[in-house]
Structure formats: C-alpha cells, structure tokens
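Here is a short report for a first look. Take a moment with the sequence and the structure before reading on.

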Number of protein chains: 2
Amino acid sequence: MKVGIDMGGMSVKLGLVNEKNEIAGKLVIPTRLDVPAREMVLDMAEAVKTLLAENGLTLSQIQGIGIGSPGTVDQEEGTILYSNNFDWEDVPILSIMREALGPVKLDIANDADAAALGEVCAGAAEGAKNAVLLTLGTGVGGGVIINRKIFRGGVTGGCELGHMVIVENGERCTCGRRGCLEAYASASALLRMARKAAAAHPESLMNQMCGNDLEKINGKIPFDAAAAGDQMGAEVVETYENHLACGIANLINIFRPEKVILGGGVAAQKENLTAPVQKKVDSMCFGGRHGKIAPIVTSRLGNDAGIIGAANLIED
Amino acid sequence: MKVGIDMGGMSVKLGLVNEKNEIAGKLVIPTRLDVPAREMVLDMAEAVKTLLAENGLTLSQIQGIGIGSPGTVDQEEGTILYSNNFDWEDVPILSIMREALGPVKLDIANDADAAALGEVCAGAAEGAKNAVLLTLGTGVGGGVIINRKIFRGGVTGGCELGHMVIVENGERCTCGRRGCLEAYASASALLRMARKAAAAHPESLMNQMCGNDLEKINGKIPFDAAAAGDQMGAEVVETYENHLACGIANLINIFRPEKVILGGGVAAQKENLTAPVQKKVDSMCFGGRHGKIAPIVTSRLGNDAGIIGAANLIED
C-alpha cells in the first residue's frame, strides 16, 4: 500500500493505492494559498495521518508517499523550486513532510509527469513502456515516460512540452514567449478562438449555445456546434485540431512514444477529438511509414491519474 | 582500443580510438552508392581489416566497432531502417559486418547521436552528463545525451530534432512537412535567405562577395557582409539567429541539457554565432531565472566527433 498525493490549485487529493493500482481510500483537503507554504505542507502531512487512520493503517504499514506538484520540482533536493499556480518558491516540501511524519519513503514529481506515470501503470497506456501525455486544460502540461519511468531531462526543469513554440512570433503565452503549443492547444486557447469566431459571426450557433454571453462559452460548445452543422464551430475545431496535431507530431518525432495520451478538459471529446487529430498526425511524422506512429488516446484514469502516478513514484 | 566508423554521403571515415579518446589511426574510403548496400558494407569491413593491419593490430586486440550512420537506425536489430541520403532501406549492417569479420562486439547509432556522444566524451561538452547537439548543415541533425548515454526515445526513430515545426505552415521541409527547424536553421536555409535578400537588394555587399553569382553564395557570406556593415547581410543573419534561438529554446524547455553544442558548416562562425543566439535564448526559456539555461557552444571535435562518438558506443 502506498499513498499518492495530487496537489491542485483548488484542492489536494490524497489516495491510498494498493498493489493492483486501485484507490482503496481517498481524502480531499482544500489548498490554502493564503498561508505560508510550510503551513499548507503541514496540512498535507496531517491529512496523510487522517487518511491512514480512517483506513486502519499506520505509517509503518505503507511503502511510502509520492507527491505530484504543479511547477518545477527538484527531485533530488525534494523541493518545489517554483510554482506560478501556488506562487511558491523554493519550498523544501519533502523535508517538511518528514519533519511532521517521521521516517518514511518520500518522492516528488511534477503533476503532469505523475499523471503520465499513472496512465502507464494503470490507465490508457497500461502495458506501454514509453508514452507522452498532454493535458489540455488551462495550460498544456506534459509528461514523458521512457522505460516505465518519468523522463525528467538533464538538469531540473525539463519536459515543459507546452512551452515548445509551434508558431514563431505567434500568440502571447503565459510564459512570456509567443507561439507556444500552450497558446494554441490549451482549453483556454480553444475558448479564445471560439469567442473570437462567435463574436465575428453573430449567425453562428455558438452564440445561441452560450445564451449570447461569450463569457459562458465552454470547450464543449465549438464541438457541439460543429456536430450540429455550424460552419464557424467546425472551423474553430479544425483550427484547434491542426495546432494540436502539429505539437503532437513534433513530440512523436522527438520521443517516439508507444502511446500519446490526451488529458484535461478538451480530452472529454474522446474519439471525437482523437480520430481527426490522429489522421492529421499520421501525415506529419518524420519518415512516414518507416517510423512507428503512436496511437493517440484519451486519459482513462481522469482525475485519479495524478494520485496513482504519484503513488507509483515509490518503487516496490 | 576501439574502432569508430562515421558513415557520410561522400566518404566513410574509420578511426582507431584509444582510451584517452584520441584517434590513433585513420582511414577514409569512398561511399559507393551505385552498388547494393551489402557491397558497400563489405567495403567497410575490409577497411576495418586494413586499418587494423596498418596499425599492427588484430581484431581480437580491439574492444569492438561502433558505427554512426545517417538515417533511422534500429539498434537492437542492428539495421539501418531507412536512410534517404544513401537511399537504403532495411540494411542489416551489423550482421553483414559480423559475417565478414567474425565474432566482434558491434554497435550502431544515428550519426548525429554519435557526434553528440563524441562531444560529451572528449569535446565541447566534456564532463557534462547531459547535452543536446544540433548540426547545422545541409539539414539539421540532432543528438541528445542523457546521463552520458545516447537518448533514443521510446520506439525506433526518435530524436529527429530538426523535424520539430517552429513555424506552422511555414517553409517546405525535405521531410514533407512545412515549417520544420531544418527549413529555417540549416545551412541550406541560411543560403536560401541570403540568396533571396541579395537578389532583392542589388546594392547588398553579398552580391559583390559572391561575384554576382548567387549560386556561389556560401554560409560565410551573410556573416562577412554583416560584419562589413551591410544591412541586408545583418538582416539575414538576425533572422537566421532568431529561428535557431527559437528551436534551441524549445529543446532546452524539453531536455534541459547542461550544454547545447552546435556543429556543421554554420557553426564555423563560433562565438560570432553563439553569443547573439545565447542572448536570445536566455530571454526565451521557460521559468526564466528559475530554470538552468545551458551555455551554447560550438563543436570542438569537428569532423572527428562522429568517429570518437561511434567508438564510445562500445562500452568498456
């Protein structure tokens, strides 16, 4: 039995993960960003104790605790170097946890990396040794698994797959650069494109679907509008899929994974998204038929991927 | 003592590499592309025998033979899956070599991967554990070293760093896609930009420098023209460096190497190229000061990188 912790901007999810990679117990606590980081980490340690007690376990009965955190993580030092979501800098999270809990095996990874590991261990890429995960949410997160382990790159801070420029001098990205994949393939980018198209075309179904309040457009609306025969909806979806396919083909040319997994809000479209994107990607990859092109699938574990992946940071 | 073989479109270079990573003996044979692949590989085996004999060695006295080959290589099978330079497909190069030479340790890698390994073992990234190499020649080759080993990605055919699109729907690339790094940062791309600028601006020094024969423009001319105060030369160089910096920043965000090494024709510009590109890259990488940004250097081993890297495929 291991504990996996998935830290998010709104809540921290803790799960007790058994040897079959099932979640045997769960606890969710609010993420407090109005207190010093140390206090929030102590909340997490307290929650671990509660979760164990609720399941009749003691710390000595679990193999360890793995944590998935947003931002840049230094695994060797056990610190969160930088998280813009949390506005945290240089938080020695593992040593604070150890201080509160006593001796226990601890490990940490970036949250997208943990989710990718979860999908390889027990989800959409189960059985694969190599996979790339992209989360299509507020931003575009990325995780790469090579040989069933998280690929972290050379020095700390690698695998920022969402911050690969695909359109030089393109749309402004939150990272300060222009044209990143995140600025074209995130759910936020999809909304930006849908709003712009709907505003310019009052006749588009998308306006009706959001009650003529563009602020209420969500990631489902352009897909629904397209399915209902709306031309602008179809154009938004097509443009979005072209950008996403461009990024995925780049990543296949670099990593040649066995599976590409899409998670996050937009991935709720499932085959409706993956089928057309696969077709585009197949025509883009280097070497054509001489190279193996990974099937593109959507996340199977959904919100549990982070917990299961984090737990699997602790090796048997 | 090991043998390293660097296969090129014009010639195959063989080197006897000692434990200090010095080349103790060398032999160059022409690449014959007008004969079946098997015959060419047998030429290489014969050349190994000659190289050893010339240096008073027998096969049993060397630790093994490493080969760097253009194209897509299947290391496990020991085959060249596909090389567009050679127009070879599915050539079982290691088994042909073994057939001709008898029992000997053999290994194979892509040529850019081998060059990257060479620079890490004994060149511009000596002492580093992680490095990314880009060769700026006819195309853009790429090699990634993680933990002093070639990073090959998941399944065969990865690490095609030159075929990462940086300008969606941009210039046509030899791989069939549009907007690849290769189409903007290769020596060929530099020449394309220089020719176009020189043709449109007859007053540009670049025209004089090539004797008004645009076919004779080489990769040095735009840099020389810029240094002499020519505005169009400076613009071509600036544009080229912007594209190159964009690609390098993408690769730093993905791999976070300790060093980025530039090889190939354009890298002859040394600091003249790396200094301005470094400045651009420093402002582009994710996380700014929170992330480590690799120094950009030029190849130190030059044409020997491939031989030394190939020899180092054979582990001690």
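## A helix, a hairpin and a pocket

Helix 1 of chain A buries Ala37(A), Met40(A), Val41(A), Met44(A), Ala45(A), Ala47(A), Val48(A), Leu51(A) and Leu52(A). These residues cover an arc of only 155° around the axis, which means they sit on the same side of helix 1 of chain A. The face turned away from that buried side carries the exposed residues Ala53(A) and Glu54(A). This is a predicted model.

Helix 1 of chain A runs over residues 37–54 and has 18 residues. From first C-alpha to last, helix 1 of chain A reaches 26 Å, close to the 26 Å expected at 1.5 Å a residue.

Now to chain B. Strand 6 and strand 7 of chain B run antiparallel, joined by three bridges. Ser83(B) has Trp88(B) in strand 7 as its bridge partner. The two strands, 6 and 7 of chain B, form a hairpin with four residues between them. In the turn, Asp87(B) has a positive phi of about 55°.

| Strand of chain B | Residues |
|---|---|
| Strand 6 | 79–83 |
| Strand 7 | 88–91 |

Last comes a pocket. The second largest pocket has a volume of about 350 Å³. Its lining has 14 residues, and the closest to its centre are Leu117(B), Arg148(B), Lys149(B), Asn312(B) and Glu315(B). Helix 3 (111–122) and strand 11 (149–150) of chain B are the elements that each give two or more residues to this lining. What classes of residue make up the lining of the second largest pocket? Seven are charged, five are nonpolar and two are polar.

Notes: Residues are numbered from 1 along each chain as its sequence is written. Chains are lettered from A and ligands numbered from 1 in the order in which they are written. This is a predicted model: local features need pLDDT of at least 70, side-chain atom pairs count only at pLDDT 80 or more; totals for chains, interfaces and linings use all residues. Side-chain values use heavy atoms; hydrogens and water are left out. On a 1 Å grid over the protein atoms alone, a cavity is a set of points where a 1.4 Å probe fits but cannot get out, and a pocket is an open set with protein on both sides within 12 Å along at least five of seven lines; lining residues have an atom within 4 Å of a point. Grid points are joined across faces, edges and corners, and a volume is the space filled by probe spheres set on the points. Ala, Val, Leu, Ile, Met, Phe, Trp, Tyr, Cys and Pro count as nonpolar, Asp, Glu, Lys and Arg as charged, and the others, Gly among them, as polar. Two strands pair if DSSP finds at least two bridges between them. The expected span of a helix is 1.5 Å times one less than its number of residues. Buried means under 20% relative accessible area, exposed over 50%, partly exposed in between (1.4 Å probe, protein chains only). The arc is that of the directions from the helix axis to the C-beta atoms.
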